[in-house]
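Here is a short round of questions on how structural labels are earned. Each answer sets a value against its cut-off.

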Amino acid sequence: MSKEHAPEPLDFFIWTVEDVGLWLEEINLGSYRQIFKENGVNGEYLEGMSMFTTEQILRFIRRCHMKWGDFITLCKELRRIKVACLKGEQKVRRPWWAPSCLSVFFVKVAKHNRKSRVVSLKLEP
């Protein structure tokens, strides 16, 4: 992902630790950027949070020194991204690193992967 731009929401499950930091800045939780980086919080970790037990949630909040309100904001923003994904509101874009000659191919593959991903999102509680 490009360091100058916030990461693409559709791809949140493949975000790097740096992408998560950019997203935290975008949702006004930038004060947690460093602690998330130190704890290796990436997109895969964020996606898995929906399956956390109460004990795991409390451990995460303590480890990241989060306020409850900020944790709720984090969860709401993750939910917003997942809902937008389910509704098909996110645009499929070619990543900055992919050559332009592969744009059509990339979009087709991304749409196919997206359909598979949406099925797994629908299975979450």
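The questions below take up burial, aromatic pairs, the nonpolar core, charges and backbone angles.

Q: What kind of model is this, and which residues count for local features?
A: This is a predicted model: local features need pLDDT of at least 70, side-chain atom pairs count only at pLDDT 80 or more, and totals for chains, interfaces and linings use all residues. Residues are numbered from 1 along each chain as its sequence is written, and side-chain values use heavy atoms, with hydrogens and water left out.

Q: Why is Cys64 called buried?
A: Buried means under 20% relative accessible area, exposed over 50%, and partly exposed in between (1.4 Å probe, protein chains only). Cys64 has 1% relative accessibility, so it counts as buried.

Q: What makes Cys75 partly exposed?
A: Its relative accessible area is 31%. That value falls between the two cut-offs, so Cys75 is partly exposed.

Q: How many disulfides does the structure hold?
A: Zero. A disulfide is a pair of cysteine sulfur atoms within 2.5 Å.

Q: How many aromatic pairs does a search of the whole structure find?
A: Seven. Rings of Phe, Tyr and Trp (its six-membered ring) pair if their centres lie within 6.5 Å; planes under 30 degrees apart count as stacked, over 60 as edge-to-face and the rest as tilted.

Q: What makes the pair of Phe36 and Phe60 edge-to-face?
A: The ring centres are 5.5 Å apart, within the pairing limit. The planes stand at 80°, over the edge-to-face cut-off, so the label follows.

Q: Why does the pair of Phe36 and Phe60 tie together separate parts of the sequence?
A: Phe36 lies in helix H2 (residues 33–38) and Phe60 in helix H4 (residues 54–63), so the linked parts are 24 residues apart in sequence. Helices (H or I, at least four residues) are DSSP runs, numbered from the N terminus.

Q: Why is the pair of Phe60 and Phe71 called tilted?
A: The centres are 6.1 Å apart, so the rings pair. The planes are at 55°, which is neither under 30 nor over 60 degrees, so the pair is tilted. This pair links Phe60 in helix H4 to Phe71 in helix H5 (residues 68–87), eleven residues apart.

Q: How do you know whether Phe60 and Phe71 are buried or exposed?
A: Phe60 has a relative accessible area of 1%. Phe71 has 7%. Both values are under the burial cut-off, so both residues are buried. Phe60 and Phe71 also belong to one aromatic cluster, together with Tyr32, Phe36, Tyr45, Phe52 and Trp68.

Q: What makes a set of residues a nonpolar core, and which members touch the most others?
A: A nonpolar core is a set of buried Ala, Val, Leu, Ile, Met, Phe, Trp, Tyr and Cys residues joined through side-chain atoms within 4.5 Å. The largest one has 22 residues, and Trp23, Leu24, Phe36, Phe60, Met66 and Leu74 touch the most other members. H1, H2, H4 and H5 each supply at least two residues. H5 gives the most, with four.

Q: Why does Asp70 have no salt bridge with Lys67?
A: A salt bridge is a side-chain nitrogen of Lys or Arg within 4 Å of a carboxyl oxygen of Asp or Glu. Lys67 is the nearest side chain of opposite charge (Lys and Arg count as positive, Asp and Glu as negative; His and the chain ends are not counted). Lys67 is 5.1 Å away, so the rule is not met. Asp70 is buried all the same.

Q: How do you know that Glu25 and Arg33 form a salt bridge?
A: Their closest N and O atoms are 3.6 Å apart, within the limit. Glu25 has 41% relative accessibility, so it counts as partly exposed. Arg33, at 31%, is also partly exposed.

Q: What makes Arg59 and Glu55 a salt bridge?
A: The N to O distance is 3.0 Å. Both residues lie in helix H4, four residues apart, about one turn of the helix. Arg59 is partly exposed at 40%, whereas Glu55 is exposed at 56%.

Q: Why is His65 called exposed?
A: Its relative accessibility is 60%, over the cut-off, so His65 counts as exposed. His65 lies in the loop between H4 and H5. It has a positive phi of about 55° although it is not a glycine.
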